[in-house]
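Student: Please take a close look at a single part of this structure. Walk me through it strand by strand and contact by contact, and then set it against the rest of the chain.

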Amino acid sequence: SKSQFQNFIGRLTTAGAVTLFPISSLSSKSPFSVPSLAAGGDGNLWFAEGGDKSFVFGQMSPSGVVTEFPVGNLSFGSVENGSNGSLIVTGQNTKGRNEVFQVSTAGAITRYKVPTAISKAFTTYLGPADGSLWFGDGFLAYFKIGRITTGGVAMSYNLSNFVPGRQLNVTSMALGQDGDLYVLDNVGGKGLVTPTTVYRLSPSKLPPVRAVGRPQSRG
């Protein structure tokens, strides 16, 4: 017989009681994974799951009721908390290009137009800073970050020539409470020694780029 799969989101109380909630109408077709979860400002849990070139983005109420929302033809992706209670969904479509969506807790979806030429810079959502949404490339050695302004303009920065030094091996990026970008450069050294450098980058001092995108909204 054909194998069946079912994925769940688990809730664990402080007393140790576990409750499993089934998710995804697609999870019976393939072994899905849940790459990310985000707690929405509406009191619901938001999740993203993907596998076998299928992707589901959904909302789960505290009682376990699941509502799915279409966010494009993605193969996989993740969800993070955005600004003003919104959710940010990043993912790769079936053509291999990264896409970015902003979703309100009411389910209104805004797709940001990210041109193919710079889409690698929009793999991982880092958070808001300087009035913009910031993203990391998620790939080693490319050292690119993406930015979407409040006006919906998408742009990317290539920092390989901006930060002096050896070949870069970017393994993590984060936004500090001071609004600066902190980049972890983990370059493999000789033997067991791995030198690590943390760069602090001010958004106002990044190299200039040309605006290349506008948002496309749909409900």
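Tutor: Two strands pair if DSSP finds at least two bridges between them. Keep that cut-off in mind for the hairpins below. Note also that this is a predicted model.

Let us take strand E9. It spans residues 98-103. Six of its six residues are buried. Both faces share in this. Asn-98, Val-100 and Gln-102 point one way. Glu-99, Phe-101 and Val-103 point the other way. All of them are buried.

Now the neighbours. On one side is strand E8, residues 87-93. E8 and E9 are antiparallel and share six bridges. To fix the register, start at Gly-91: its bridge partner in E9 is Glu-99. The two strands form a hairpin with four residues between them. Within that hairpin, Gly-96 adopts a positive phi near 85 degrees.

E9 has a second partner, strand E10, residues 109-112. Four bridges join E9 and E10, and again the strands run antiparallel. Here Val-103 stands opposite Ile-109. This hairpin has five residues between its strands. Its turn holds Gly-107, with a positive phi of about 95 degrees.

Next, the side chains. Glu-99 deserves the time. At 9% relative accessibility, Glu-99 counts as buried, because buried means under 20%. Side chains of opposite charge can pair when their charged atoms come close. Glu-99 forms a salt bridge with Arg-111, the closest N and O atoms being 3.0 Å apart. Arg-111 lies in E10 and Glu-99 in E9, so the pair ties together parts that are twelve residues apart in sequence. Arg-111 is buried too, at 18% relative accessibility.

Glu-99 also has a polar contact on the E8 side. Asn-93, found in strand E8, makes a side-chain to side-chain polar contact with Glu-99 at 2.9 Å. Asn-93 is buried, at 8% relative accessibility. Leaving out residues up to four places away in sequence, Asn-93 touches Asn-73, Leu-74, Ser-75 and Glu-99.

How does this compare with other parts? The structure holds two salt bridges. Besides the Arg-111 pair, Asp-180 forms one with Arg-200, with closest N and O atoms 3.7 Å apart. That pair links distant parts of the chain, 20 residues apart. Asp-180 sits in the loop between strands E15 and E16, and Arg-200 in strand E17. Asp-180 is buried at 15% relative accessibility, whereas Arg-200 is exposed at 56%.

Now look at another hairpin, that of E1 and E2. E1 covers residues 7-12 and E2 residues 18-23. Six bridges join these antiparallel strands, and Gly-10 stands opposite Leu-20 in E2. Five residues lie between the strands, and Gly-16 takes a positive phi near 95 degrees. This hairpin carries a nonpolar surface patch: Phe-8, Leu-12, Val-18 and Leu-20, with about 430 Å² of accessible area together. E1 and E2 are the elements that give two or more residues to the patch. Leu-12, in E1, is exposed at 62% relative accessibility. Set that against E9, where six of six residues are buried.

Finally, the whole chain. The protein has zero helices and 18 strands. Of its 219 residues, 42% count as buried. It exposes about 11,600 Å², and carbon and sulfur atoms supply 53% of that.

Terms used:
Residues numbered from 1 in each chain as written. Predicted model: local features only at pLDDT ≥ 70, side-chain atom pairs only at ≥ 80, totals over all residues. Heavy atoms only, no water. Buried < 20%, exposed > 50% of the residue type's maximum accessible area, 1.4 Å probe, protein only. Areas by Shrake-Rupley, 256 points an atom, 1.4 Å probe, with all protein chains shown as cover. Patch = residues over 30% accessible without salt bridge, like charges linked within 9 Å, V, L, I, M, F, W, Y side chains within 5 Å. Salt bridge = Lys/Arg side-chain N within 4 Å of Asp/Glu carboxyl O. Polar contact = N/O pair within 3.5 Å; in protein donor to acceptor, adjacent residues only side chain to side chain. Contact = heavy atoms within 4.5 Å.
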